[in-house]
Amino acid sequence: MKKIFQILILLFLNNILYAQSYNDDKTSMVNYVKRLYNSSSFEGAKIIEGEEAKYYVVAITLNNLQPDSTEKNNKIALTKAQEAAQVTFAEPSVKFEMISLIENSSLNKTTFLFLCETLSEFIKTSFKKKPFDGAKIVSAPNNKYFIAVVTLDNSKYTSFSLRNRVAQMKAKQQANTMFNGATISSESILRTDENDKSTEVTSTEIIKEQAMGFLYGIEFLTSFESPDNKTTHIYYKIIK
């Protein structure tokens with residue numbers, strides 16, 4: 001009994017340390033981005049190269065804001081940030097976190113600084129938490145995305161080109177299987193905002209009318225290796 005109690009204590013402490021480490025890492029990342037912006041300010045979307053990662057940042061400056069319209073101002077800034085990210089970054093950004101609000105009272109200007117998470121980073125993070133294969137829908141505030149996740153054994157598919165061909169074929173098969181159904185269940189939806197429960201079931205009618213074009217329009221997003229000698233390939237397409 002005593003041994004079991006000690007194990008439970010160790011697990012509890014390990015979870016606390018993990019949470020602290022995650023929060024500390026995120027705080028350091030945010031502070032790093034803010035320091036770089038303060039040393040060399042910019043307007044619009046920009047990729048900041050860090051020592052260990054790339055940071056996707058958007059700065060939006062609004063003029064003559066009404067002080068009693070905070071929620072409205074935030075929505076305007078977020079919309080403009082989404083638009084700037086869309087035309088600047090090579091891949092979609094699915095999460096936007098406002099990390100700083102910089103006011104210039106003398107010029108009556110306010111700058112909103114957003115840290116963005118790209119679609120590939122969001123999928124990788126979700127995959128690391130709970131690995132999965134197959135077709136899913138990523139539901140983000142500004143768009144929905146079809147994704148196909150295909151993991152192949154490197155020992156079976158020995159060449160890079162062979163893995164790419166097989167992964168692309170399997171991604172199209174996954175799309176075909178998903179869109180042949182009447183609905184997409186909530187289990188197949190990855191939400192960028194876990195508190196958003198508004199979309200429990202998504203209709204596929206918007207895609208069925210152009211199913212063939214949709215299948216051939218799937219794009220390669222990224223791939224990554226795992227320690228067990230496997231490669232995970234990710235394909236995507238915006239659902240309009």
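Helices (H or I, at least four residues) and strands (E, at least two) are DSSP runs, numbered here from the N terminus. The model is predicted, with local features requiring pLDDT of at least 70, side-chain atom pairs counting only at pLDDT 80 or more, and totals for chains, interfaces and linings using all residues. Residues are numbered from 1 along each chain as its sequence is written, and side-chain values use heavy atoms, with hydrogens and water left out.

Two asparagines carry a positive phi in a residue other than glycine: for asparagine 64 the angle is near 50°, and for asparagine 108 it is near 55°. Accessibility is graded as buried (under 20% relative accessible area), exposed (over 50%) or partly exposed (in between), with a 1.4 Å probe and protein chains only.

| Residue | Phi | Loop | Relative accessible area |
|---|---|---|---|
| Asparagine 64 | near 50° | between β2 (54–63) and α2 (70–88) | 53%, exposed |
| Asparagine 108 | near 55° | between β3 (93–104) and β4 (109–118) | 39%, partly exposed |

The interior is described by nonpolar cores, each a set of buried Ala, Val, Leu, Ile, Met, Phe, Trp, Tyr and Cys residues joined through side-chain atoms within 4.5 Å. In the largest of these, which has 17 residues, Ile137, Phe146, Leu152, Met178 and Tyr235 are those with the most contacts inside the core. Two or more residues of this core come from each of β5 (134–139), β6 (144–153), α4 (160–179) and β11 (230–239), and α4 gives the largest share, six residues. A second, separate core of 16 residues includes Val138, Leu190, Phe224 and Tyr236. In soluble globular proteins, nonpolar side chains tend to be buried together.
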